[in-house]
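The exercises below concern the structure shown next. Each consists of a task and a solution that proceeds step by step.

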Amino acid sequence: MVNTGTEHTVKAFDSDINELRGMVAEIGGRSEQAISKAMRALENSDLELAEEVVREDKLIDELEKRIDELTFQTIALRAPMADDLRELIATFKISGVVERIGDYAKNIAKRVPLVTTAHRLTPISLLPSMSKIASELVRDSLDAFARRDADLAMEVNRRDQIVDDFYNSIFRAVITHMIENPKDIGEAAHLLFIAKNLERIGDHATNVAEMVYFAATGEPMPERTRGENPTTPVDEAPIDGED
Amino acid sequence: MNDDLTMQEASESANMTDSAPTDMASEASTPKMTARNVNVFYGDKQAINDVSIDVNMDNVTAFIGPSGCGKSTFLRCMNRMNDTIPIARVTGDIQLDGDDIYAPKMDVVQLRARVGMVFQKPNPFPKSIYDNIAYGPRIHGLATGKEELDNIVESSLQRAGLWGEVKDRLHDSGTALSGGQQQRLCIARAIAVDPEVILMDEPCSALDPIATAKIEELIHELRGKYAIVIVTHNMQQAARVSQKTAFFHLGTLVEYGETTDIFTNPREEKTRDYITGRYG
């Protein structure tokens, strides 16, 4: 009879796939942690913690390389088909996207020394809530990957709108603050970039979610009706996180 | 403005459709062979259970499935090779160009010329390369003189991609060729009687990867000239050579669709389990 379980006849294939899943969980966990550490460093002006985030980004980069190598090898050696193939392609793409999320966290951490007096600026009060939701999206998108949960992936995609709305509020608040307090423009600009980084993290979490959806169902995720709100700014070029 | 453009585009595309040779288009999309509700019994044992499938000229169709799933049995129904097995009984309807191939008036020898077959092990006649190819045209009276027969032999070997390798030794024995060459000789032999359908039953399983690649390239070149059906255990091969794939399991046709869909996003769990190597 047909074995409808998930085990492959060739057990080594399962161990490759499980190793990859473990590494994806790890890179996801590290990126999520990088976001929360960077935000904590920002809130407390903790330069040491900020440096730690920058240092630890190397681990995320390393993980990405290892994931890509093993994915590449597995595709070459096991000739995966159907959902196995989709999962491996998704793994390959997710590792790149999650590495990028780590870069955005690093970019936030790098701005910490430049905004040590920013707690005076009112718009900063919105950032912790925004980062909390962005982190949740990262975590949920990777949970969805681990469970191959297309519904949770859709949910992540939908919730990204909240992060976008936060960004728009912060954008307006920062601009207003700049107009009223021109001497703060430097620090305020950094805050705006931090908000933009969080907004990009949310977008990348939805990219992960889209790949999860594809891996789970074999279909592209139905388009979210985004960008129809005229107040939503057109996506700016992403801020380089690798500097 | 936009409306005008749309109208123009619409009329252009309509013109293109009109100017296309419609009879050719319909020939390609009309099934060459159709099977409806086919059952095969070996004595009391049912080997094929209610299989219906269409085979087109413009596609290579691959039959895949585990051993004993019925894919070869079904293939053998398509040119009545099962007639040679006394206890085999076939019910249902199989048509070639709309003609019932199991009708009493059907000439089986003629049918097998129209629906040729290539087997797992290359089986050239113990004759010269030339005579291997010339045999079919001779008994079917397809050539009126030596020159015409020479032409058929050459063009068949050309089409099978073997001409360059054997043209200087046409009178050597066919069995002296390498395995891959022998298999291409068998394909050339099938082509020589100008068939419409070529059935291939694991044509590469006895060949090395290079000979296999040559056969696969040949299948690719023959596509469109003949309706080709290939049974293979090698899923990668099915993925490489076919446009349509049928998955058989326990005598039933579980799933039949575009090869790309079957291998990237199969609808049936059984298909998925088989092609991903989860089959127990």
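Two strands count as paired if DSSP finds at least two bridges between them. The model is a predicted one.

**Exercise 1. Determine which strand of chain B is joined in parallel to β3(B), and give a residue pair that stands opposite across the two strands.**

Step 1. The partner of β3(B) is strand β9 (residues 244-249) of chain B; the two run parallel and are joined by four bridges.

Step 2. Across this pairing, B:Ala62 stands opposite B:Thr245 in β9(B).

Step 3. Both strands belong to an open sheet of six strands with mixed pairing, in the order β6-β7-β8-β3-β9-β10 (chain B). At its edges are β6 (115-118) and β10 of chain B, each of which pairs on one side only. From one strand to the next, the twist averages 20 degrees.

Step 4. Helix α8(B) lies across β6 and β7 (197-201) of chain B and runs at about 170 degrees to β6(B).

**Exercise 2. Trace the antiparallel sheet of four strands in chain B and explain why β2 and β5 each have one side without a neighbour.**

Step 1. The sheet is open, its pairing is antiparallel, and its order is β2-β1-β4-β5 (chain B). β2 (45-56) and β5 (99-100) of chain B stand at the edges with a single partner strand each, so one side of each has no neighbour in the sheet.

Step 2. Begin with β1(B) and β2(B), an antiparallel pair with eight bridges. B:Val38 has B:Val51 in β2(B) as its bridge partner. Two residues lie between the strands of this hairpin, in which B:Gly43 takes a positive phi near 65 degrees.

Step 3. Continue to β1 (residues 31-42) and β4 (residues 88-96) of chain B, which pair in the antiparallel sense over eight bridges. Opposite B:Ala88 in β4(B) stands B:Tyr42, and opposite B:Arg89 in β4(B) stands B:Phe41.

Step 4. Finish with β4(B) and β5(B), an antiparallel pair with two bridges. Here B:Gln95 stands opposite B:Asp100 in β5(B). This hairpin has two residues between the strands, and B:Asp97 takes a positive phi near 50 degrees in it.

**Exercise 3. Identify which residues touch the most other members of the largest nonpolar core, and which helix gives the most to this core.**

Step 1. The core has 77 residues; those touching the most other members are B:Phe63, B:Ala188, B:Leu199, B:Ile228, B:Val229 and B:Ile230.

Step 2. Helix α8 (residues 179-192) of chain B gives the most to this core, with seven residues.

Step 3. Take B:Ala188 as an example. With residues up to four places away in sequence not counted, B:Ala188 touches B:Ile133, B:Ser156, B:Leu157, B:Arg159, B:Ala160 and B:Leu162.

Step 4. Another core, of 62 residues, lies apart from it, and its members include A:Ala41, A:Tyr104, A:Ile108 and A:Ala173.

**Exercise 4. Is B:Glu255 buried or exposed?**

Step 1. Locate the residue: B:Glu255 is found in strand β10 (residues 252-258) of chain B.

Step 2. The cut-off for a buried residue is 20 or more other C-beta atoms within 10 Å of its own. B:Glu255 has 21 within 10 Å and is therefore buried.

Step 3. Beyond its neighbours within four places in sequence, B:Glu255 is in contact with B:Phe247, B:Ile262, B:Pro266, B:Arg267, B:Glu268 and B:Thr271.

**Exercise 5. Describe chain A and the side of it that touches chain B.**

Step 1. Chain A contains six helices and zero strands. Of its 243 residues, 45% count as buried.

Step 2. Contacts between the chains involve 19 residues of chain A and 16 residues of chain B. Helix α3 (residues 82-111) of chain A supplies the largest share of the chain A side, five residues. That side divides into nine nonpolar, six polar and four charged residues.

Step 3. For the complex, the predictor gives an ipTM of 0.73 and a pTM of 0.80.

**Exercise 6. State where in chain B confidence is lowest and where it is highest.**

Step 1. The average pLDDT of chain B is 88, and 89% of the residues score at least 70.

Step 2. Confidence is lowest in helix α1 (residues 2-19) of chain B, with a mean of 42, and highest in strand β3 (residues 60-64) of chain B, at 97.

Step 3. Over residues 1-26 of chain B the pLDDT is below 50, and this stretch has one contact in the model beyond near neighbours in sequence. Where pLDDT is low, the predicted coordinates should not be read in detail.

Methods: Residues are numbered from 1 along each chain as its sequence is written. Chains are lettered from A and ligands numbered from 1 in the order in which they are written. This is a predicted model: local features need pLDDT of at least 70, side-chain atom pairs count only at pLDDT 80 or more; totals for chains, interfaces and linings use all residues. A nonpolar core is a set of buried Ala, Val, Leu, Ile, Met, Phe, Trp, Tyr and Cys residues joined through C-beta atoms within 7 Å. A residue is buried if 20 or more other C-beta atoms lie within 10 Å of its own, exposed if 12 or fewer, and partly exposed in between; C-beta atoms are placed from the backbone. Two residues are in contact if their C-beta atoms, placed from the backbone, lie within 7 Å. Ala, Val, Leu, Ile, Met, Phe, Trp, Tyr, Cys and Pro count as nonpolar, Asp, Glu, Lys and Arg as charged, and the others, Gly among them, as polar. pLDDT is the predictor's confidence in each residue, from 0 to 100. Axes are lines fitted to C-alpha atoms, for helices over the stretch in contact, and angles run from 0 to 180 degrees between N-to-C directions.
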